[in-house]
Structure formats: C-alpha cells, structure tokens
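Biologist: Hello! Could you walk me through this structure and explain the terms as we go?

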Amino acid sequence: MTLLSDLQQILPADRLSATQADRAQHSKDQSAHHAVLPDVVVWPESTAEVSAVLKYANARGVPVTAWGAGSSLEGNPIPVRGGIVLDFTRMNRILAIHAADFQVTVQPGLFYKDMNRELAKHGLFFPPDPGANASLGGMLANNAAGTRTVKYGATRDNVLALEVVLASGEVIRTGSRSVKQSSGYDLTHLFVGSEGTLGLITEATLKLYPLPEHFSAATAAFPTVKQAADVVYEVIGAGLEPSALELLDATAVEIINAASGFNLPVAPNLFLEFTGAGATALEERMAAVADICRSHGCLSFRAGVGRDERARLWEARHHAFEAHLRYFPGQDYIVTDFAVPISQYPALVAYASDTMAQLGFKGSIISHAGDGNAHVAVFYPPDDAALYERVQDFNARLVRRAIELGGTSTGEHGVGLGKQKFMELEHGPGALNVMRQIKRLLDPNNILNPGKVLALE
Ligand SMILES: Cc1cc2nc3c(=O)[nH]c(=O)nc-3n(C[C@H](O)[C@H](O)[C@H](O)COP(=O)(O)OP(=O)(O)OC[C@H]3O[C@@H](n4cnc5c(N)ncnc54)[C@H](O)[C@@H]3O)c2cc1C
C-alpha cells in the first residue's frame with residue numbers, strides 16, 4: 001500500500017493530497033534553502049486526527065513535518081526527508097477569549113494578524129509580531145519575536161499552556177492558566193522553540209495586553225550605523241523603555257523609500273516608538289531621546305509622527321523583506337539573525353556594516369536593535385559558487401563573534417537547517433548531548449521534522 005492509500009484509511013478524503021501542486025506548495029519556506037517535496041500533505045481538523053496520523057507514522061517510521069504559513073527563514077518546515085507534511089491551517093479557531101485574565105486559547109493554524117484583529121474588539125492584543133503573517137503554531141515552534149519584543153518579550157515569554165501531540169500519538173497538556181507556575185519541569189517552554197521536532201502543538205493559551213491608548217513615534221537619521229547603534233544602547237540603558245526600536249541601514253532605507261513612497265534621509269535610521277503612559281510622560285521620554293540622538297550627531301530627528309504615518313512606517317518595515325526581494329530580483333540571499341547583549345550591540349552591528357562594505361556585498365541591515373538582534377541580508381547570484389562561499393564565511397564570522405560576545409546564532413528565526421553547524425559552538429558538547437537525549441526520549445524513531453535543529457542519525 002502507498003502512504004496515501006494508508007492515510008485514506010485513517011482520515012476523510014478531503015484531508016489529504018498527493019498532487020504535485022500541493023506537494024510543491026509545502027516544499028519550501030521563504031529562505032534560499034532548497035525545496036524538498038513531501039509525499040503527502042495532510043490538513044488535520046482536530047487533535048484526534050493529528051494523533052491518528054502520528055500513531056500511524058510512528059509505527060512505520062514515516063517523517064512528519066508540521067506546517068503553519070511556511071514563512072520561516074532557516075528551512076525550518078522543509079520536509080527534508082519527505083513523508084507527511086501536516087498543514088495546520090484548518091485548525092485555526094480561537095477557542096476562548098479570557099478577557100478578564102488577558103488570555104486567549106487558540107488552535108495553532110490561526111494566523112496572528114487574524115487573531116489580533118479579533119482581539120482588538122476586546123481592546124486586547126498579542127504583541128510578538130514577526131513581519132510575515134505567521135501562524136501561531138509556527139511562532140510557538142520557532143519562538144518568533146518582532147518589533148514589539150523589546151517591551152513585551154518573544155513568543156516564549158507569552159505562552160502559559162499547551163496541548164501537544166507526542167510522536168507516539170499520545171496527547172498531553174502542559175502548564176496552566178495561572179501566570180505564576182512553579183510546578184514540575186517546564187514542558188511548555190521546552191516545546192516552544194523546538195521547531196516541531198519534539199511534539200506537535202494543537203492548542204495554546206497565550207498572554208495578552210491591553211491595546212495602548214497613547215503612543216509617540218519618531219524617526220532619526222545618523223551619519224553612521226555605529227552612531228545609530230550607540231543611541232540604541234543609551235536609550236535602553238537610560239531605562240526609557242521603548243515599545244519598538246528598530247535600526248535600518250542606508251540601503252534598507254533606500255529600498256523602503258522606493259517601495260513605500262517615504263522620503264526618509266538615505267542614511268542609517270532608527271524607528272522609535274513609546275506607548276502606554278499618559279501623553280505628557282510620553283512627551284518627556286521623547287525629549288530625552290531627542291537629546292541622546294543629538295549628542296550622537298543625528299542628521300535629522302522627526303518626532304510627532306502621527307497615527308496614520310506611524311501605521312504606514314510599520315507596514316513598510318514589516319514588508320521590507322519583500323521589498324528587498326523586488327530590489328534584488330533573481331538573487332539568492334542569506335539573512336543573519338545574531339543577537340548579543342545590548343552592551344555589545346553597537347560594536348557588532350558596526351563591524352557587520354563595515355565588513356559588508358569592505359567585502360563589496362550587496363545587502364542591508366535591518367535590526368530589532370532594542371533586543372540586540374540584527375538581520376544582515378546579503379544577496380548574491382544563484383550561480384556564483386565562489387561568492388556563495390564568501391557570503392557563508394561572512395555569516396559564520398558574525399555568528400562566531402556574536403557567540404564570543406555572550407550572544408546567540410539565532411535570536412528569533414530558529415536553527416532549522418542553516419544554524420545547525422553552530423550548535424556545538426554555542427551550547428557546548430554537554431548541553432548538546434542533553435538536547436539529543438531529550439529528542440530521543442520524546443521521538444525515539446526520529447519522525448518529527450527529522451534533520452532539523454540537531455543532526456541525529
Ligand atoms: C518577510 C518576513 C519577515 C519575518 N520577520 C520575522 C521577525 O521579525 N521575527 C521572527 O521571529 N521571524 C520572522 N520571520 C520568520 C517567520 O515568519 C517566523 O519564524 C514565523 O514564526 C514562522 O511561522 P509560520 O507559521 O510561517 O511557520 P512555518 O514556517 O510553517 O513553520 C515553522 C516551524 O514550526 C513548525 N510548526 C508549525 N506548526 C507547528 C505546530 N502546530 N506544532 C509544532 N511545530 C509546528 C514547523 O515544522 C517549522 O519547524 C519573517 C519571515 C518573513 C518571510
């Protein structure tokens with residue numbers, strides 16, 4: 001029997017496809033990692049269906065890779081060993097809004113922008129906001145973060161409880177709806193960030209926040225990336241608590257100007273936002289920021305960005321990656337994701353900027369600067385093997401330096417395929433060995449997203 005006909009015995013026909021088009025749609029994320037076709041795509045509609053598929057797959061050693069929106073940037077959902085892709089997009093319901101407790105319980109296939117639209121009716125929102133309209137399952141599995149993380153934390157910081165289907169098909173629940181939890185090993189946060197390699201998330205309870213009533217936003221341009229980055233360090237160090245603090249280099253600004261009709265000075269820019277407190281307190285904070293910017297030689301400082309323009313700025317920021325793809329058509333690319341303690345951020349981001357210029361690479365820096373996290377995007381022709389090696393070497397240099405400075409190879413995109421080579425350097429053989437043992441305990445037949453996070457045979 002083929003895999004498809006086996007699965008037809010377990011699930012209704014409309015849950016399955018082995019067409020070339022559906023397989024191709026689930027073969028590749030948004031990175032430049034190579035596509036690999038799954039054998040079958042399954043759209044489960046309940047936890048029981050997920051469990052039934054895993055029971056079957058585990059008994060036969062069939063690989064199962066979860067799929068949310070496919071927007072990852074490290075090859076995370078590419079089914080590198082074929083088998084089944086489980087696409088969660090039909091499990092996309094809000095199960096309960098606990099408005100009085102600032103919580104929501106959701107299925108994993110819900111996209112976070114759709115959830116936030118619904119939550120806004122209750123004056124609430126879930127802050128982690130990766131640019132792409134990701135699914136909550138994918139955000140949990142990658143521990144996604146975004147422009148608001150500097151104030152509200154990453155996805156991991158905002159999850160209280162999960163329902164998870166293990167490789168065996170057993171369904172477990174982790175955590176609780178209490179915001180304080182001190183009971184036993186923290187399984188919830190083990191599954192978050194595990195990229196679908198330890199279990200599949202079928203339900204999650206998340207923390208929410210009231211939509212801020214007041215905000216103030218500004219843009220500031222600087223002669224150099226280093227000067228802009230020094231401001232980031234001072235703003236954070238002064239306890240000014242921005243709700244967003246992003247750094248874009250001159251190339252990124254040029255691309256955003258061209259794509260979205262802005263007229264920002266083509267120079268390194270900071271996008272800053274403060275929310276929450278009353279209007280007067282916000283004005284005072286903005287005045288303090290302006291002083292810091294001036295003391296670092298800012299070329300222009302525009303405060304008082306209005307609500308509409310602020311929305312347009314963030315929209316443009318969130319679509320910056322697509323704008324880059326249009327600006328560098330037909331090119332392959334690598335997007336670094338290193339993160340370091342904020343005190344080390346100015347030196348490392350300046351090093352990245354200077355080195356990219358010296359090497360003559362085409363690309364830009366877009367950075368969740370307030371978190372010490374930077375994406376250096378480098379574009380190169382797909383057929384230039386020598387240049388590809390030089391770009392990989394540049395990425396490795398940045399990662400190694402980030403780790404030396406007490407940071408990480410990936411702040412938010414996850415390990416996927418691209419960061420595996422740095423795992424031992426970052427974690428050391430002892431911790432890596434514990435990770436391998438956890439993987440073997442939870443997934444002894446290595447069926448869950450095999451080939452990702454850890455190299456296991
Ligand atoms: C333009 C652009 C901008 C981006 N900006 C950011 C950013 O600012 N911050 C950021 O963090 N990321 C960013 N990303 C990367 C990406 O959007 C995030 O990693 C996102 O969390 C992926 O979600 P997804 O739904 O697309 O998941 P997918 O890519 O489909 O899957 C991601 C991983 O989750 C696993 N998975 C999916 N569903 C489940 C489940 N139910 N249970 C267990 N495992 C599951 C998959 O197997 C895979 O390993 C960006 C991507 C793009 C294209």
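Modeller: Gladly, starting with the ligand: of the 36 residues around it, Gly 68, Gly 137, Gly 138, Ala 141 and Gly 196 come nearest. This is a predicted model, where local features need pLDDT of at least 70, side-chain atom pairs count only at pLDDT 80 or more, and totals for chains, interfaces and linings use all residues. Residues are numbered from 1 along each chain as its sequence is written.

Biologist: What makes a residue count as near a molecule?

Modeller: Its C-beta atom, placed from the backbone, must lie within 6 Å of the molecule. The largest share of this shell, five residues, comes from helix H5, which covers 136-142. Helices (H or I, at least four residues) and strands (E, at least two) are DSSP runs, numbered from the N terminus.

Biologist: How many residues of the shell are nonpolar, polar and charged?

Modeller: There are 17 nonpolar, 16 polar and three charged residues. Ala, Val, Leu, Ile, Met, Phe, Trp, Tyr, Cys and Pro count as nonpolar, Asp, Glu, Lys and Arg as charged, and the others, Gly among them, as polar.

Biologist: Now the helices. Why is H8 called roughly antiparallel to H13?

Modeller: Helix H8 (residues 225-237) and helix H13 (residues 345-359) pack at about 160°, with their axes 8 Å apart. Axes are lines fitted to C-alpha atoms, for helices over the stretch in contact, and angles run from 0 to 180 degrees between N-to-C directions. Angles under 35 degrees count as roughly parallel, over 145 as roughly antiparallel, 65 to 115 as roughly perpendicular and the rest as oblique. So H8 is roughly antiparallel to H13.

Biologist: Which residues meet there?

Modeller: Among them are Val 225 and Tyr 233 in H8, and Tyr 345 and Ser 353 in H13. Residues are in contact if their C-beta atoms, placed from the backbone, lie within 7 Å. By class, this contact has eight nonpolar, one polar and two charged residues.

Biologist: What order do the strands of the open sheet take?

Modeller: Five strands follow the order S5-S6-S10-S8-S9, with antiparallel pairing. Strands pair if DSSP finds at least two bridges between them; four bridges join S5 to S6. One pair of bridge partners is Ile 97 and Val 104 in S6.

Biologist: What makes S5 and S9 edge strands?

Modeller: Each has a single partner strand, so one side of each is left without a neighbour in the sheet.

Notes. Contact = placed C-beta atoms within 7 Å.
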